[in-house]
Amino acid sequence: MRLGATLANLAPGPPPPTAEWAKRLVGAGFESLWIHQVIGRGYLVPDPFVTLAVAATATEGVEVGTATVQIPLHHPADLAHKVLSLMAVCGDRLTLGVSPGSTEVDFATLDRDHAARFRTFRENLPRVRELITRGRDAHADLGPAPTRVPPLLLGSWGKNVERAAREFDGWLASGYRTTPDQIIAAHERFRAAGGGRAIVCAVPVDSDADLGPTGEALHRYAEAGFDDVVVVIAPGGPDPERVRALLDR
């Protein structure tokens, strides 16, 4: 099982400098770097496209991904343009995690309709897919088709676990507000539906005092057959090297 980490904290306080933190994580052995799209919650999570462009420039070879971009917060053509622009920076290292969104304040901040998020997701995603695949559609010409389309992962829950298996390249299971038992049970449904890549994202690592429970959870996910786990190391948390070493025990 591969281990990744987020490039920003989901907590008050300044975010870590992206280039420095990305290098630190890769140097500690993390195999992928991820960023959430969060806005208006009273703490700064930097823009995912800016953050991943910096991280991709500061590192070599490591995967960079969104976990997740909230499709209803964007105009489809503008979002596709951002994705194509990021691909020009990081090439085939990009993985695109998408979701309908969940937190009302993100939508209120951008004057978007939170109640309509699932409908908007269903309506807008096909156009985003076409534009990042072909570079154009009937209404916009963003440029030539890219040589590679980034894998598209669905971050969602409930009945959408099976949808992730059927219609996407993989599934991002939220490890932030769910238990390992819930995640592993949903993973069984995902595999039963023929799902591909399965990632737990993101497991919070808050304390430097006792990493035992975190290590136990990581090993449970590995034994259950997850392909990746992504951790979010809180401010004042353990050194990345200590977290990475948990999988080696």
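This report describes the overall build of one predicted chain and then a few of its helices, peptide bonds and residues.

## Basis of the model

The model is predicted: local features need pLDDT of at least 70, side-chain atom pairs count only at pLDDT 80 or more, and totals for chains, interfaces and linings use all residues. Residues are numbered from 1 along each chain as its sequence is written, and side-chain values use heavy atoms, with hydrogens and water left out.

## Overall build

The chain holds 9 helices and 8 strands. Helices (H or I, at least four residues) and strands (E, at least two) are DSSP runs, numbered from the N terminus. Along the principal axes, the C-alpha atoms fill a box of roughly 55 × 40 × 35 Å. The radius of gyration is 17 Å, which agrees with the value near 18 Å for a compact globule of 249 residues. This radius is taken over C-alpha atoms, and the globule rule is 2.2 Å times the number of residues to the power 0.38.

Of the 249 residues, 52% are buried. Buried means under 20% relative accessible area, exposed over 50%, and partly exposed in between (1.4 Å probe, protein chains only). A contact means heavy atoms within 4.5 Å. Among contacts between residues at least 6 apart in sequence, 73% join residues at least 24 apart.

## Surface and charge

About 11000 Å² of the chain is exposed, and carbon and sulfur atoms supply 51% of that area. Accessible areas come from the Shrake-Rupley method with a 1.4 Å probe; for residues, only the protein chains shown count as cover.

There are 26 positive and 30 negative side chains, and the centres of the two sets lie 5 Å apart. Lys and Arg count as positive and Asp and Glu as negative, while His and the chain ends are not counted. The place of a charge is taken as NZ of Lys, CZ of Arg, CG of Asp or CD of Glu.

## Helix α1

Helix α1 spans residues 18-27, and its buried residues are T18, W21, A22 and L25. They sit on the same side of α1, because they cover an arc of only 100° around the axis. The arc is that of the directions from the helix axis to the C-beta atoms. An α-helix has 3.6 residues a turn, so residues three or four places apart point the same way.

On the other side of α1, E20 and G27 are exposed. The cover over the buried residues of α1 includes strands β1 (2-6), β2 (32-35) and β8 (228-233), together with helices α2 (48-58) and α9 (240-244). Just after α1, G29 takes a positive phi of about 105°.

## Backbone exceptions

Most residues other than glycine have a negative phi, and most peptide bonds are trans. A cis bond joins A67 and T68, with omega of about 10°; T68 is in strand β3 (residues 63-70). The bond from C201 to A202 is also cis, with omega near 0°, and A202 belongs to strand β7 (residues 197-205).

D111 is not a glycine, yet has a positive phi of about 55°. This residue lies in the loop between α4 (104-109) and α5 (117-134). D111 counts as exposed, at 74% relative accessibility.

## Residues in loops

N9 is in the loop between β1 and α1 and counts as buried, at 8% relative accessibility. Leaving out residues up to four places away in sequence, N9 touches P14, P15, P16, Y43, V45, V232, I233, A234 and P235.

F168 is in the loop between α6 (160-167) and β6 (170-173) and is buried, at 8% relative accessibility. Beyond its neighbours within four places in sequence, F168 is in contact with V98, F121, L125, R129, L152, L153, L154 and R163. F168 and L154 are 14 residues apart along the chain, and their C-alpha atoms are separated by 6.5 Å.

## Helix α9 and the loop before it

D239 lies in the loop between β8 and α9 and is partly exposed, at 42% relative accessibility. The C-alpha atoms of D239 and R122 are separated by 40 Å, with their positions 117 residues apart along the chain.

V243 lies in helix α9 and is buried, with a relative accessible area of 0%. Not counting residues up to four places away in sequence, V243 touches L3, F30, V205, V231, I233 and P238. The C-alpha atoms of V243 and D208, 35 residues apart along the chain, are separated by 9.5 Å.
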